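Hello,

Here is the structure I promised to pass on. Have a look at it first, and then read my notes underneath.

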Amino acid sequence: MDMTFNLNSGWLRAGALATAFAAPLALAAPAVAQEVYPSGDETLDWTIAFGPGGGNDIMARSIIEILNKYDLYPGDIQAENRAGGSGAVGWGYLYGQSGNPYGISTTSGSFVTTPLQADTPWEPEDFTPVALLATDDLVLVVNGDSEIQNIEQFIENAKANPINIGGTGTVNVDFIVPTLFAEKAGFEFDYVSFNSMSEQTTALLSNALDAMVGNPGEILGLIESGDLRPLVFSGQNVPEALEGVPTMGDLGYDIGVSMPRGLILPPDAPEEAQSWWIETMKQVVETPEWAEYIRSNTLTPTVIYGDEFGTFLSNTKNGFGQVLRSVGAIQ
Amino acid sequence: MDIFSDLVMGLTIAISPINILYLLIGAVVGMIVGVIPGFGPSAGLAILLPVTFGMDPIGAIMMLAAIYYGAMYGGTITSILLNTPGESATVASTFDGFPLAKQGRAGPALVMQAVASFVGGTVGVILITILAPMFAQVSRSFGPPEYFLLALMGMLTLIVMIGAQWKLGVISALIGFALGTVGVDLETGQSRYTFGSAELIGGIYFIPIAIGLFGLGELFYAFYSGLHKTGSGGIVEYDKEERFWPTAQDWLSTRITMLRCSVLGFVVGVIPGAGATIASLMAYSTERSLSKNGDNFGKGEMAGLVAPETANNAASSGAMIPLLTLGIPGSASTAVLLAAFLLWGLRPGPLFMEQNPEFAWGLIASMYLGNMALLAISIFAIPLFVQIIKVPYRVLGPCVVVVCALGTFSVHASFVETFLMFGAGIVGFFMRLYGFSAAALVLALVLGPLAEEALRQTMTISRGSFAIFVERPPSLWIIAITIALVVLLPLLNRFGNSSSGKAEKAGQ
């Protein structure tokens, strides 16, 4: 459903002041004759391709709060949840605004996986990349009662006995991460796909599963209480709450796959808009509020800008496509 | 003693004026959200979630939780008056609720559903208060084998739904199973029958189908039989003076049902993923097979309305157990509540109640108050709601079409689902005309994918061996309970019937 939240009603008054603040940044971009980007009179149309309360929504609203708090954007920002079709609706809406510098959206895993699954008119590479801000990474856990204490024992056991690993969905990083990890570490496993994190967590707690992968944020409570034992983390840096857990890279099995949480503009957005947003996001990621967002959502801060982010997206897409095609999940 | 002091502490927190205000707002919003077909508690919660940014978490959770269980009160009103379930957990309430209204007993039906909701909700909170740790064990003992057996148990309900014209019933169920195969195959990730549509990746959601089949189907049928030409309502009659309060017989015949279905609903609610919808359907079929008047179910039997209503409210309380004790959401609505916890910087998990006693017990205490408030609001609002039936049908009909369409669209903002709803409406009309079973279709659509996924997960885990179903104690329990319900109880009932008349009094 479409919902409009006007997040800065007091903004029109402050508009003039903020333009003065933002102007030097915009001038850093090649000067364009007609207008300075961004104009305080234009409302920024922020598409959230998922419903309220989800990871994408929280990220978008956190960035908007920071933009408002530090007066980084001169005009009004209007955030709309355009949910549907695993992001196809929202990003399809942004795709339709080709060239418009006042449309913007945040990405998440479905930005890569949905076009692989469905006939979306757009591909991740079509959009103007601004920045990758963080990645969602996974932790491999076993039941707290398990005899397996660490990842070395886990791999050893997996080489000797048939094991299964649970995750959410198949066309998903939950499937791709353990598949690539197992390939590198030299073991085999059966992947058990679930509809939701809660079903797979109870399956592991009930001892139906041997292990599962999941987003650490959702299971930290169970890890803290000792009901689940974390063995290995797929990201580059281990989040605070999982201190002491090795990364796959530490073991020499770096898989180089993660879900991109980034910022995009419509296809063929003007260059000055792209560079304005890159400069602005450089300020956003330095704020304490952003650090708090990263911490409380247990994300891995991974920041790359502009075309490098574009390359990252197409690499991720191709990597996913390859793994999924090899198991027959997609054609 | 410990529990008692915790609860008193919770009450003192819950009872502050500002928190009571939040609670009442939540209760009223919940009722409204429940009344609008399709627009369920999870959508209502998700919309209000951003409002709670910066609110005191305790007041905020009281409000959100009240929306959640309040929707179960509101959802039945349209089930009874218009044969349109307001919410997925109230599909089963149409089976006897609407026939009751047709008999002119809309008033008593609405009062009884409010009371049943209250009993279910309150018994649920009492069970949370005293037995939360014990039930936490139940939630964590459920893996794929147990879900599969549970789905099978639910499918026994199908036999009850199929009814007298069994050939038509079986065809209806098969259509439901077929629709259930649409969407991404969970195991292989391949898309089935999605025709490249991104909106069908997630499968066919049963809410648009249920609204179409029941609500629109009934509406088209009413026009077909010429109701719009008669002056007033016509489908259902209501007479305020004589027909508002339930009769003594209504109370007496349903008191056991209420208690039994409270416990049943609660236990099903505790199991993550099963939820209020399955609880209400299971309660309906259980009561039908236990009742002496089983043949009257579906024709306007009060117990047939009370059973699902008690169960869905008890289940919504039960679903709080995995949320509070494990940090695992059992349903779409509790998933939004979990997101809210995270948003407020709380960390749900087994240590949650220990670390945040004010929050947890404030919430539990507020649920007692919330259920009382909802009972009062419901009873006062009934005379308002029954005005709906006094609206001439030629005016009411188009309004229902608009509300159904808006409600369906509001869930996922999906045009595909809205068209499916209209399509299901036309199919529903013909099903009604030729005696097919819409209930069997919807139930098959709910249970089919659940059973398929759970069985395939189980087979992957057990590497193809069916022994897993008897190796796991929880599985064995479910098998034993199923056998008891299906084989032993009806036998005992029959035996009791023929031998003496005493059982009649107790069992009715």
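I'll begin with helix α9 of chain A, residues 271-284 (helices being DSSP runs of H or I, at least four residues, and strands runs of E, at least two, numbered from the N terminus). With 14 residues at 1.5 Å each, the helix should span 20 Å, and its end C-alpha atoms are indeed 20 Å apart, so the two agree; the expected span is 1.5 Å times one less than the number of residues. Buried residues in α9(A) include A:Trp276, A:Trp277 and A:Met281, where buried means 20 or more other C-beta atoms within 10 Å of a residue's own, with C-beta atoms placed from the backbone.

Please keep in mind that this is a predicted model: local features need pLDDT of at least 70, side-chain atom pairs count only at pLDDT 80 or more, and totals for chains, interfaces and linings use all residues. Residues are numbered from 1 along each chain as its sequence is written, while chains are lettered from A and ligands numbered from 1 in the order in which they are written.

On to chain B, which has 24 helices and two strands. Its radius of gyration (over C-alpha atoms) is 22 Å, close to the 23 Å that the globule rule gives for 508 residues, so chain B is as compact as a globular protein of that length; the rule is 2.2 Å times the number of residues to the power 0.38. Of those 508 residues, 57% count as buried. The C-alpha atoms fill a box of roughly 60 × 60 × 60 Å along the principal axes.

Best wishes

Note on methods
A residue is buried if 20 or more other C-beta atoms lie within 10 Å of its own, exposed if 12 or fewer, and partly exposed in between; C-beta atoms are placed from the backbone.
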